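Got the structure open in your viewer? Keep the selection box handy and follow along, one stop at a time.

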Amino acid sequence: MLYAWIDDNGMLCTTFELQSVPEQFRDNVTVFENLNIQDHDKLYVENGQIKEKNESMIIQEMKEKLSMELKQKVYSLLQPTDWVVVKCVELGLDMGVAYPEIYQRRQVIRQANDALDSRINSATSINELMDIQKDIEVLK
Amino acid sequence: MSQTYETLVSGTTTFGQLYGKINNLAEALRSCFCGNSFPTTPSPTIGQLCFRTDLNKLYVFTSSGWKEVAIELTGLGAEIINARGTKPTLDQRLDVAMNEDGTLKASTSLNPSQWVSLTGYTFEYVTPTTFTVNGSHTDIYVAKRRLKINLLSSIAYTEVVSSSYDSNQDKTTVQTLDAVLDDPIVSVEHLIISPDNFNNADKVDGYHASQTPAPNVIVPLDANGILDLSATYVKSNVYTFRRVDLTDATSDYMLQVGEEAYISFSNTMSVPLRIATQSGTYYECHLVCNNTGGTSGGTSGSIYLNPNNTTYSDSFIYAELYRDSGMAHSNYFTYSAFRCGHMFVSSLFYITNFVQYKNVKGIYDIYGLSNTYPCLDIFSTDWQDTTTSWTSLGTIVFPQNSSGYILVQRIL
């Protein structure tokens, strides 16, 4: 059970128990019997009405979120060796020759990024996206 | 009844009535207007007497009405009543201290000795810690009773360890604590108060001492030197030393400064803390999962603290630095509640609750995924709201069924 209301600041609020709904909003609370305390993100507000997102909306949001997480993760993996790229450009070095291991590792990261990005874009279910999220988290 | 007091009226009272009326007047005066009620006709005058035959008391009419002569006029009655003290009669009170012939009863000594001696008995030295006395006196020589040993040329003090009576010899043998006895023993005196009567000797200012904590009881350190208060607690004006078990509590509890809440949870996805809070408070919180450690079994997802048991859409900004088996990372995310952990966690965080600034910050270890065993995460979450009151500390929400413990101590 999830109780939802819009507070004085126009904020969508949810709770799992009616007693936690501020008294002034109890008459306007919307009850979602099939949702629980973890499901705040499954709701949205449209024209002042609290509605439950359908699966395609949730999938789309998850895709956007995962794309951002993937970018951040890949950035954080590449960033520590960016100096090698700068050095090779400055000195006119062939990175694949001067730093083959780092070059290879960056290639692997980029390939993983491309593969995961492709999987995100083509995913059609929430479970599929949750698997991708796990793969992003363990990417190294 | 002699209250027939008829005034003689000139021109009205006939001569024939005169004898009777004068006799009535004289009788009323002679009997002090005796009767079982006060005279009313004619109206009484100040100084008039009345003897109440029903009460057997003499009254006088005063400016404030009829008053008993003995009490109101002379005060003598009141003085006598006061002199009774707590006894029902003055005679009984006098009997406490005075004989019938007026002599005083035998007085007690104002300076009695604290030592008494068995008279008519013979004390014999046995060893420096043993003496005997004829007769059965184990009731006198009980353990810990103080003794004054009168030796030939000195006095020694010790106490009884034990005593035993030999009926064949009709002799009591006494063991003393200290080796102070010498031969010969002139006499042995014992303390007038037996240790058996020391039941209240543990009292300080009227409070007993006991190893069992209870209201109005002084608790000593135990055998290990620990002040064990068990279910009770210590409180000062500024700090409370107490742990309260709020596991499965159903209503919010307001922690005092210093007080700590303990909550255990098992195989659940949410734990309402049931802790009331208010602006101006600060807490230290330990969230410890005891699910099996490892590189798998964790569901990717964050752990949240929902203030007021509520989510507020996109109102919480989360900053983190973390190091997993890959490398160091950082993030800046928006959430609908305070994030305070991830997957399975051992988290230590501090909660700041001022209505104008509300924050959760801390450090945690994540486990349950291939790259997070361990994973060190330093974080801070601000609730970007400066007006909403935080009145209930809230609910911890997990991404999967979790077990463990939560400790919340109020610091401010």
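Here is a tour of chain B and chain A, with something to select at each stop.

**Before you click**

This is a predicted model, in which local features need pLDDT of at least 70 and side-chain atom pairs count only at pLDDT 80 or more, while totals for chains, interfaces and linings use all residues. Residues are numbered from 1 along each chain as its sequence is written, and chains are lettered from A and ligands numbered from 1 in the order in which they are written.

**Stop 1: chain B as a whole**

Select chain B and switch to cartoon view. Its secondary structure comes to four helices and 28 strands; helices (H or I, at least four residues) and strands (E, at least two) are DSSP runs, numbered from the N terminus. Of the 412 residues in chain B, 24% are buried. Buried here means that 20 or more other C-beta atoms lie within 10 Å of a residue's own; exposed means 12 or fewer, and partly exposed is in between, with C-beta atoms placed from the backbone. Look at contacts too (C-beta atoms, placed from the backbone, within 7 Å): among those in chain B between residues at least 6 apart in sequence, 56% join residues at least 24 apart.

**Stop 2: a sheet of three strands**

Now select residues 49–68 of chain B. You'll find an open antiparallel sheet with the strand order E1-E2-E3. Strands E1 (49–52) and E3 (65–68) of chain B are the edges, each pairing on one side only. On average, neighbouring strands of this sheet are turned by 35° against each other, direction ignored. Two strands count as paired if DSSP finds at least two bridges between them; E1(B) and E2(B) (residues 57–62) have four, in the antiparallel sense. To see one pair, click Phe51(B), whose bridge partner in E2(B) is Leu58(B).

**Stop 3: a sheet of seven strands**

Move along to residue 115 of chain B and onwards. Seven strands of chain B form another open sheet, in the order E4-E10-E7-E8-E9-E6-E5, with antiparallel pairing. E4 (115–117) and E5 (123–127) of chain B stand at the edges with a single partner strand each, so one side of each has no neighbour in the sheet. The twist averages 40° from one strand to the next. Zoom in on E7(B) (residues 146–151) and E8(B) (residues 155–166), an antiparallel pair with five bridges. Here Arg146(B) has Glu159(B) in E8(B) as its bridge partner.

**Stop 4: strand E28 and its partners**

Highlight residues 395–410 of chain B, which make up strand E28, and then add E17(B) (residues 260–272): the two pair in the antiparallel sense over 10 bridges. Val271(B) stands opposite Ile396(B). Next add E19(B) (residues 281–289), which runs antiparallel to E28(B) and is joined to it by seven bridges. Cys289(B) has Gly404(B) as its bridge partner. Finally, bring in E20(B) (residues 302–306), with three bridges to E28(B), again antiparallel; Asn306(B) is partnered with Thr395(B).

**Stop 5: where the chains touch**

Show both chains. How many residues of chain B are in contact with chain A? There are 22, and they touch 20 residues of chain A. On the chain B side, the elements giving two or more residues are E17, E21 (310–312), E23 (328–335) and E28. E21(B) has the largest share, three residues.

**Stop 6: Lys51 in chain A**

Over in chain A, click Lys51(A), which lies in strand E5 (residues 49–52) of that chain. Is Lys51(A) buried or partly exposed? Lys51(A) has 15 C-beta neighbours inside 10 Å, so it counts as partly exposed. Leaving aside neighbours within four places in sequence, Lys51(A) is in contact with Leu43(A), Tyr44(A) and Glu46(A).

**Stop 7: helices of chain A**

Select residues 55–78 of chain A, helix H1. Its 24 residues should span 34 Å at 1.5 Å a residue (the expected span is 1.5 Å times one less than the number of residues), and the end C-alpha atoms are indeed 34 Å apart. Colour Leu66(A), Leu70(A), Lys73(A) and Leu77(A), which are buried. What covers the buried residues of H1(A) includes helices H4 (100–122) and H5 (126–138) of chain A.

Finish with H4(A) and H5(A). Leu116(A), Arg119(A) and Ile120(A) in H4(A) meet Ile132(A), Asp135(A) and Ile136(A) in H5(A).

How values were computed:
Two residues are in contact if their C-beta atoms, placed from the backbone, lie within 7 Å. Axes are lines fitted to C-alpha atoms, for helices over the stretch in contact, and angles run from 0 to 180 degrees between N-to-C directions.
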